[in-house]
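Here are some exercises to work through with the model open beside you. Try each task before reading its solution.

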Amino acid sequence: MLVAAAVCPCPPLLVPEVAAGAAPELDPLRAACLDAVAVLAAARPDRLVVAGPAPEDGAGGYPAGARGSFRGFGVALDVRLGRGDAGDGTDGRTLPLSLTVAAWLLERTGWSAAPVTGLGVAESLAPADCLAAGRELAARDERVALLVMGDGSARRTVKAPGYLDERAEGFDAASAAALGSADTAALAALDPATARELQAVGRPAWQVLAGAAEGAGLSGRLLHEEAPYGVGYHVAVWS
């Protein structure tokens, strides 16, 4: 069963080496993410599953020790997902960006509370399939924790990556409210077409969380919400 969850955004700018001179601007966001991971550790799970959006070729499971890199952003920084040797378990795949950011976050916190595995959630995955994947995750171990990575809309301002869409602020407000109150029904009801139009890549991973949390009786708390650079970032914990 699911005993705790943390929701964090997954921009590469969360990593100070990537953000460079802009790094201090995101210090409050980083601090909130570290606090969220601490809630997971306090729950003493048997396993931590990191779930985040991925392109079609990056979807699926990743074992402990799977590797990711920020070299594509001009930074000589490599990370591993938890402890262990992935061996041939990744079929030669590296972690998708969302799980790479999560791996960095776990390394930053010195995570050692439980074994870690990853799940890349295809950005096109239908809500029903996301919910089913979450239910399956929650049934694997007696005490499962989830670290769920994903951004809100990237269309909050005219300078945002996707330019301004007037619907973006309302979508992010509704998403933040659902994440902050552990409202699984509201998350399950997020429309994938609208999320895609608003470039809200967190939608599928949030719906995996909704499926995993069904019947778990968890309460939620929103730790941080902002939209720097026109992208919605939410940090929440469920326990």
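The structure you are looking at is a predicted model.

**Exercise 1. Check the span of helix H5, then find which of its residues are buried and what covers them.**

Step 1. Helix H5 runs over residues 168–180, which makes 13 residues. At 1.5 Å a residue, 18 Å is expected, and the span from the first C-alpha to the last is close to that, at 18 Å.

Step 2. Now look for residues with under 20% relative accessible area, the cut-off for buried. In H5 these are Ala-168, Phe-171, Asp-172, Ser-175, Ala-176, Ala-178, Leu-179 and Gly-180.

Step 3. Turn to the cover over those buried residues. It includes the strands S1 (2–8), S8 (220–226) and S9 (233–238). Helices H6 (184–188), H7 (192–197) and H8 (203–212) are also among the covering elements.

Step 4. Finish just past the end of the helix: Ala-182 has a positive phi there, about 55°.

**Exercise 2. Where does Ser-153 sit, and is Ser-153 buried or exposed?**

Step 1. Find the loop that lies between strand S7 (144–149) and H5; Ser-153 is in that loop.

Step 2. The relative accessible area of Ser-153 is 0%, so this residue is buried.

Step 3. List its contacts, setting aside residues up to four places away in sequence. Ser-153 touches Ala-168 and Asp-172, along with Leu-198, Gln-199, Ala-200, Gly-230, Val-231 and Gly-232. Ala-168 and Asp-172 are also among the buried residues of H5.

**Exercise 3. How many disulfides does the structure hold, and why is Cys-10 not bonded to Cys-8?**

Step 1. The count of disulfides is 0. For Cys-8, the nearest cysteine sulfur belongs to Cys-33 and is 3.7 Å away. A disulfide needs the two sulfur atoms within 2.5 Å, so Cys-8 is in none.

Step 2. For Cys-10, the closest cysteine sulfur is that of Cys-8, but the 9.7 Å between them is too far for a bond.

Step 3. Check burial too. Cys-8 counts as buried because its relative accessibility is 0%, and Cys-10 also counts as buried, at 7%.

**Exercise 4. Describe the lining of the largest pocket and of the second largest pocket.**

Step 1. The largest pocket holds about 240 Å³ of space. It is lined by 17 residues, and those closest to its centre are Cys-10, Pro-12, Leu-97, Asp-151 and Val-201. Strand S2 (47–54) and helix H3 (97–109) are the elements that give two or more residues to this lining.

Step 2. Sort the lining of the largest pocket by class: 13 residues are nonpolar, 2 are polar and 2 are charged.

Step 3. The second largest pocket has about 170 Å³ of space. Its lining includes Glu-123, Ser-124, Arg-196 and Val-201. H7 gives the largest share, 3 residues, and H7 and H8 each supply at least two.

Step 4. By class, this second lining has 5 nonpolar, 2 polar and 3 charged residues.

**Exercise 5. Which residues does Leu-77 contact beyond its neighbours within four places in sequence?**

Step 1. Leu-77 lies in the loop between strand S4 (67–69) and strand S5 (78–80). Its relative accessibility is 19%, so Leu-77 counts as buried.

Step 2. The contacts of Leu-77 are Val-15, Glu-17, Ser-69, Phe-70, Arg-71 and Trp-104.

Step 3. Take the pair with Trp-104: 27 residues separate Leu-77 from Trp-104 in sequence, and their C-alpha atoms are 9.4 Å apart in space.

Notes
Residues numbered from 1 in each chain as written. Predicted model: local features only at pLDDT ≥ 70, side-chain atom pairs only at ≥ 80, totals over all residues. Heavy atoms only, no water. Helix = DSSP H or I, 4+ residues; strand = E, 2+ residues; numbered from the N terminus. Expected span 1.5 Å × (residues − 1). Buried < 20%, exposed > 50% of the residue type's maximum accessible area, 1.4 Å probe, protein only. Contact = heavy atoms within 4.5 Å. 1 Å grid on protein atoms, 1.4 Å probe; cavity = no way out; pocket = protein on both sides within 12 Å on 5 of 7 lines; lining within 4 Å. Points joined across faces, edges and corners; volume = space filled by probe spheres on them. Nonpolar A, V, L, I, M, F, W, Y, C, P; charged D, E, K, R; others polar.
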